[in-house]
Amino acid sequence: MEVTKVMVQKEEKVGSRVKGYAVIELDGVLKINGIRIIEGNERMFAAMPNRKVGDDKYIDYVYPVNKELREKIEAAIIEEYNRN
C-alpha cells in the first residue's frame with residue numbers, strides 16, 4: 001500500500017504534546033481520520049485513532065499490521081507537518 005494523500009492540521013496548545021491531526025489516504029481508496037501527531041521525548045510520531053477500554057488501556061481502531069507500512073505512514077505525515 002502507498003500513502004496517496006496527506007492532510008495535516010496543526011494544533012499549537014501550550015503544554016500539549018499533541019501538535020496536530022492528520023488524515024491520510026491509502027492507494028486512493030481508504031481514508032483514515034483522526035491520526036494524532038505527537039511530540040515525543042526523542043522525536044515526532046503519528047498515533048493512530050484509538051478509544052479507551054478500561055481505566056488505563058487504549059486500543060487502536062485502525063493500525064498498520066507491518067513495520068514497513070507504519071514507517072511509510074509516519075514519514076508521510078511528519079513530512080507534511082514540517083512542510084507547513
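Visitor: Before we look at the surface, which residues can make up a patch?
Guide: Good place to start! Patches are made of residues with over 30% relative accessible area and no salt bridge, and nonpolar side chains are joined within 5 Å. The nonpolar side chains that count are Val, Leu, Ile, Met, Phe, Trp and Tyr.

Visitor: Which residues make the nonpolar surface patch of about 310 Å²?
Guide: Keep in mind that this is a predicted model. One of the contributors lies in the segment before strand 1 (3-10), namely Met1. The patch of about 310 Å² is made by Met1, Val29 and Leu30.

Visitor: Is Met1 buried, partly exposed or exposed?
Guide: Partly exposed covers the range between under 20% and over 50% relative accessible area. Because its relative accessibility is 48%, Met1 counts as partly exposed.

Visitor: Which strands stand at the edges of the sheet?
Guide: Happy to trace that. Four strands form an open, antiparallel sheet in the order 1-2-3-4. An edge strand has a single partner, so one side is left without a neighbour in the sheet; this applies to strand 1 and strand 4 (44-47).

Visitor: What is the bridge partner of Glu39 in strand 4?
Guide: Strand 3 (residues 30-39) and strand 4 run antiparallel and are joined by four bridges. In strand 4, Glu39 has as its bridge partner Met44.

Visitor: And Glu74, is this residue buried or exposed?
Guide: Glu74 lies in helix 1, and helix 1 (residues 67-83) packs on the sheet. Leaving aside residues up to four places away in sequence, Glu74 touches Arg43, Met44, Phe45 and Ala46. With a relative accessible area of 18%, Glu74 is buried.

How values were computed:
Residues numbered from 1 in each chain as written. Predicted model: local features only at pLDDT ≥ 70, side-chain atom pairs only at ≥ 80, totals over all residues. Heavy atoms only, no water. Patch = residues over 30% accessible without salt bridge, like charges linked within 9 Å, V, L, I, M, F, W, Y side chains within 5 Å. Areas by Shrake-Rupley, 256 points an atom, 1.4 Å probe, with all protein chains shown as cover. Salt bridge = Lys/Arg side-chain N within 4 Å of Asp/Glu carboxyl O. Helix = DSSP H or I, 4+ residues; strand = E, 2+ residues; numbered from the N terminus. Buried < 20%, exposed > 50% of the residue type's maximum accessible area, 1.4 Å probe, protein only. Pairing = 2+ DSSP bridges. Contact = heavy atoms within 4.5 Å. Axes fitted to C-alpha atoms, helices over the stretch in contact; angles between N-to-C directions.
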